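Student: I'm new to this structure. Could you pick one part and take me through it closely?

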Number of protein chains: 4
Amino acid sequence: MTRSVDLNADMGESFGAWSLGDDTALLDTVTSANIACGFHAGDPDVMAATMAQARDKGVGIGAHPGFRDLAGFGRYRMQVPPATLANEVRYQLGAALGMAASVGATVRHLKLHGALANMCTEDEALAKACYEAALSVVPDLTIMVIAATAQQCAAEALGCKWVGEIFADRAYNDDATLVDRRLPGAVIRDADQAAARVVEMVQAGAIIAASGKRIDAKIDTICLHGDTAEAVEIARAVRAGLEAAGVVVERFAV
Amino acid sequence: MTRSVDLNADMGESFGAWSLGDDTALLDTVTSANIACGFHAGDPDVMAATMAQARDKGVGIGAHPGFRDLAGFGRYRMQVPPATLANEVRYQLGAALGMAASVGATVRHLKLHGALANMCTEDEALAKACYEAALSVVPDLTIMVIAATAQQCAAEALGCKWVGEIFADRAYNDDATLVDRRLPGAVIRDADQAAARVVEMVQAGAIIAASGKRIDAKIDTICLHGDTAEAVEIARAVRAGLEAAGVVVERFAV
Amino acid sequence: MTRSVDLNADMGESFGAWSLGDDTALLDTVTSANIACGFHAGDPDVMAATMAQARDKGVGIGAHPGFRDLAGFGRYRMQVPPATLANEVRYQLGAALGMAASVGATVRHLKLHGALANMCTEDEALAKACYEAALSVVPDLTIMVIAATAQQCAAEALGCKWVGEIFADRAYNDDATLVDRRLPGAVIRDADQAAARVVEMVQAGAIIAASGKRIDAKIDTICLHGDTAEAVEIARAVRAGLEAAGVVVERFAV
Amino acid sequence: MTRSVDLNADMGESFGAWSLGDDTALLDTVTSANIACGFHAGDPDVMAATMAQARDKGVGIGAHPGFRDLAGFGRYRMQVPPATLANEVRYQLGAALGMAASVGATVRHLKLHGALANMCTEDEALAKACYEAALSVVPDLTIMVIAATAQQCAAEALGCKWVGEIFADRAYNDDATLVDRRLPGAVIRDADQAAARVVEMVQAGAIIAASGKRIDAKIDTICLHGDTAEAVEIARAVRAGLEAAGVVVERFAV
């Protein structure tokens, strides 16, 4: 059987006068785009323009809600009550649906952003509150979860459609959590190295920890970062590496 | 033929810790609610709660977008480029659709708020940009326009579904514009007086200016204000007056 | 020796179109006002108006910075890096100084708001970062700390001017922390009861826990809440009770 | 007599995760920096860092308040009531004073930003409201005005300290207004051309319109833009041109 995999990246993270990331270049490489929804980044103009580009290039569109925290880019943990958070997810997803409809595109998936995503890798109840909220707006939405975390548990418990994600540029601990950014080797900045390990993990159907340990995982999509200097280069190397290894790079099926 | 008319009011204008208006009382009287969408007022919790109440009481739900100006409650005129404004309308309408879907309700109409609404009574191109944007998200949406203004011209030019609105508590000039708030008699604060003139205008099918002049108008809905001290009292008086005169008070048909 | 004590309340918590609290009534009762600085509540108009009123009534003015979180009223804990938080405190204090100068008033003290204050009762390093930031703007500022918490430790470690605060309407545990709001008796809503225990604590120079245990504390000021239904009534009762017991109610000395 | 002139540029226009402009490079060339105050751009971290750099390089620091409009970068005209605008200027100036004090620097001047500045070149009353507000916070502040506009009239009427500014990269009409950006030649992108005309105007003590007409003006400072591709190159060319012509480039005296 031929393996296939999706490549995703966060996009639409510009705001007003401020640009961030090279979305145009990334959209030539990835197959799914997680579009910021205006709470931590993105504005209606940016959303419309990014979705129109994604549509033109056949890239799958996802809503990428985060905390209501523009100054912190959604990167600070906030103790927002889950019921309020649920409504904030509904609001952002709805806004994304509106923008997508206006450019004749479709929102296929939802992926949480930043600190909210991190908190949901540890707290299944919180992840469930967010995902359930999204499904209350679009019942057959696909949830993109970080594989082998509480995010995945929440999606499984809800019985919804979901795809599992691993990171191209982060080293893993033996329990499938990410190596602390402050430790050496935690972040992979070399494009070839990132590509090689992604190929290895996709072929193995497993997360391969820094120790070499294999953790079986449903790997449907690879997360590529969009806001670093090496972003586009790593994205291209990962795609080229996968294709060279005979892996089909395509949007996940919904 | 029995006349019928809709009663509408702005709602969901609380924000975070701050409450505004007595939505619960108004929802017992009006037949359509214009729900703020988070840019000038309202937040996801407020939107969800207000829409759920409206749904329970059979009140029609509308999106009520305004300028991105929380500090000014959308009451300051802003020279936002029409294309950006169009995207802001799409975004807010989409958010309203998301919140409504999550509580099992439907967004039937759109009405512009505050300074944006005022500018669109004078500028048909601006009104058209906003309405066209809304229709790009929901093609069969009903647009609520201030009767006999550039808003109405824009809706007519677009050939979309629209309903015409007059004000219960504002005096009119002979050209169907509102009497300047700073002039005596511009704002009607007496509930019985407001009720009597609404009945007269609905029965006449015309705006009746302060001078007595009649301006034929398509009067589908009466705007009741929600944020004044007299709001609930005037709303009840207008409804009672209409019913006593044999006018059916019901949601406009879509 | 005659005892004296200051009464403080949070104020200036309205925002734009939204009003909160009865500042005018409270300003007749308290001797110090903690003015919100625009991040969690308050806007420049509100700040100017509240400070002008406080000045006219001889009420001491304090800056009351909180998290940059208008939607959550600064009540959600946020993991903002201390260096960023320090700059946010400097900014808010500076803004308060500017508003005060423009109305011919002086900012005498600083008190942290909401979740930020709560976090600083537990985390001396965080409290120190905030206080040090404030003192870098106004070296001789008085810091208002919640007595017998990490806030007090931080102020002591910095060797700055500080005053200790207890709550009029909250029950205490034996370790001087507040009884969890969800437990019965945690919040005192009866004005006479609140007054009686404040008098007792001020005369004892100690926090008196729900168990009756006494914890010696430097009690310079009593915190009265401004945003509850009973706020003004409790404030008046506490002031009357203190005066009846021979305690002088006056602004703390700086 | 040796002529001297100041060079100013807008700075500190980054926000949170978003960078804008090459402040570090510009600070080596200009003698005054107009620091955004958080309403249209800038945040407390950015303000502190930019002011610290300016202080280290001996560059004069100014507060640069704008409309409360982050999404529009303060570039949209807004009909904010003058009294509210005055308080917003006080707030932003106060915040700038606080940040400056904390890094041991001084705020020497104030310059309005974007659409607010444009409106004040046409509306003396509005300019006066803003400047008077600033002077109510810092009575001996220097106001930086766009020469030969209503801004200058307002400063003269107030009798305050002020310096006059011309633009390095914009063509002038015969009435000293700027040529409409949409017309050919309105914006000068060639560094040498910009430098040559600045030298000519400074030496003439006059604005030289596109037609060649001379309008006498008090030229104390040259505005260099910070947010264009050519910004740093033009700034360096203007400085070099002035120095080659024997003009001393230094901070304006206060």
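Tutor: Sure, let's look at where the chains touch. A polar contact is a pair of N or O atoms within 3.5 Å; within protein, one must be able to donate a hydrogen and the other to accept it, and neighbours in sequence count only if both atoms are side-chain atoms. This is a predicted model, where local features need pLDDT of at least 70 and side-chain atom pairs count only at pLDDT 80 or more, while totals for chains, interfaces and linings use all residues. Residues are numbered from 1 along each chain as its sequence is written, chains are lettered from A and ligands numbered from 1 in the order written, and side-chain values use heavy atoms, without hydrogens and water.

Start with chain D against chain A. Here 13 residues of chain D meet 13 residues of chain A (contact means heavy atoms within 4.5 Å). About 1000 Å² is buried between chain D and chain A, 75% of it from carbon and sulfur atoms (buried area is the accessible area, with a 1.4 Å probe, that two parts lose on being put together, summed over both). F15(D), A17(D) and W18(D) supply 57% of what chain D buries against chain A, more than any other three residues. Two residue pairs are in polar contact across the interface of chain D and chain A, both at pLDDT 80 or more. By class, the side of chain D that touches chain A has eight nonpolar, four polar and one charged (Ala, Val, Leu, Ile, Met, Phe, Trp, Tyr, Cys and Pro count as nonpolar, Asp, Glu, Lys and Arg as charged, the others, Gly among them, as polar).

Now for chain A against chain B. That contact takes 24 residues from each of chain A and chain B. Between them, chain A and chain B bury about 1800 Å², with 61% of it on carbon and sulfur atoms. P44(A), N87(A) and Y91(A) give 33% of the area that chain A buries against chain B, more than any other three residues. There are zero salt bridges between chain A and chain B (a side-chain nitrogen of Lys or Arg within 4 Å of a carboxyl oxygen of Asp or Glu), but six residue pairs are in polar contact.

Which elements give two or more residues to the side of chain A that touches chain B? They're α2 (44-56), α3 (82-102) and α5 (124-137) of chain A (helices are DSSP runs of H or I, at least four residues, numbered from the N terminus). α3(A) gives the most to that side, twelve residues. Sorted by class, the side of chain A that touches chain B has twelve nonpolar, seven polar and five charged residues.
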